[in-house]
Amino acid sequence: MQAGEVVKESARVLTTRNQSEKRPASCSFPAVIEERKEAADFYTQVPVIIRELVHRLNDDSTVVLKANNAALGALTKCVPAEELVTHLQFIRNLIASMVSDARYRKGGVGDGNFFLPGFNMPKDLEPLVSSSGGMKSTLVLFFDGFLVNCTSKKMNPLFLLNITSIS
């Protein structure tokens, strides 16, 4: 099966509500990324991977969140920073849309606090902030507090300490 086919099938499964199917689908992303790193033939699928991984940041399953974290780690490790930087606006828009939906949909939090579950578990932001120095400094400039607003006060000090220690 081609990398693109695996990514598309995993993306399809991840949109289901069946938690037992989501974890294996989440695990397929790091497998594809790591196996195809040298060939780099999955780069056309990076936006699809990013979309699915960002949407999983709002999943209510700890198992899915942990698998998602591993996939984000593989993505930031195996895809060059120059390639990932081209998707920053897309990532920011996806997160903003999820936050807006959580605030303003029926039964949403309104103007109250909304914290993405994927940003509020130990080490869940690590794949984003442990990138290479150039990528990390770009993240700091680009997100400028944006991610901090989706992170609980309990997790903020850890996030800020890591993201501000740019080498």
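**Helices, a pocket and a buried arginine**

At 9% relative accessibility, arginine 56 counts as buried (buried means under 20% relative accessible area, exposed over 50%, and partly exposed in between, with a 1.4 Å probe and protein chains only). The model is a predicted one, in which local features need pLDDT of at least 70 and side-chain atom pairs count only at pLDDT 80 or more, while totals for chains, interfaces and linings use all residues. Residues are numbered from 1 along each chain as its sequence is written, and side-chain values use heavy atoms, with hydrogens and water left out.

Arginine 56 belongs to helix H3 (helices, H or I of at least four residues, and strands, E of at least two, are DSSP runs numbered from the N terminus). Its side chain makes a polar contact of 2.9 Å with that of glutamate 52 (a pair of N or O atoms within 3.5 Å; within protein, one must be able to donate a hydrogen and the other to accept it, and residues adjacent in sequence count only if both atoms are side-chain atoms).

Arg56 also appears at the largest pocket, where it is one of the five residues nearest the centre, together with Thr16, Arg17, Lys22 and Asp59. On a 1 Å grid over the protein atoms alone, a pocket is an open set of points where a 1.4 Å probe fits, with protein on both sides within 12 Å along at least five of seven lines; lining residues have an atom within 4 Å of a point. The lining counts 13 residues, and H3 gives the most, with four. By class, seven lining residues are charged (Asp, Glu, Lys or Arg), five polar and one nonpolar.

What does the whole chain look like? It has nine helices and zero strands, and 44% of its 167 residues count as buried.

Helix H6 offers a neat check. Its 17 residues, 88-104, should span 24 Å at 1.5 Å a residue, and its end C-alpha atoms are indeed 24 Å apart (the expected span is 1.5 Å times one less than the number of residues). Leu88, Ile91, Leu94, Ile95, Met98, Val99 and Ala102 are buried in H6. Seen down the helix axis, these buried residues fall within an arc of 130 degrees, so they line one face of H6 (the arc is that of the directions from the axis to the C-beta atoms).

Finally, threonine 151 sits in the loop between helices H8 (133-143) and H9 (156-164). Threonine 151 is buried, at 2% relative accessible area. Its C-alpha atom is 6.7 Å from that of leucine 116, although 35 residues separate the two along the chain.

Technical notes
Nonpolar A, V, L, I, M, F, W, Y, C, P; charged D, E, K, R; others polar.
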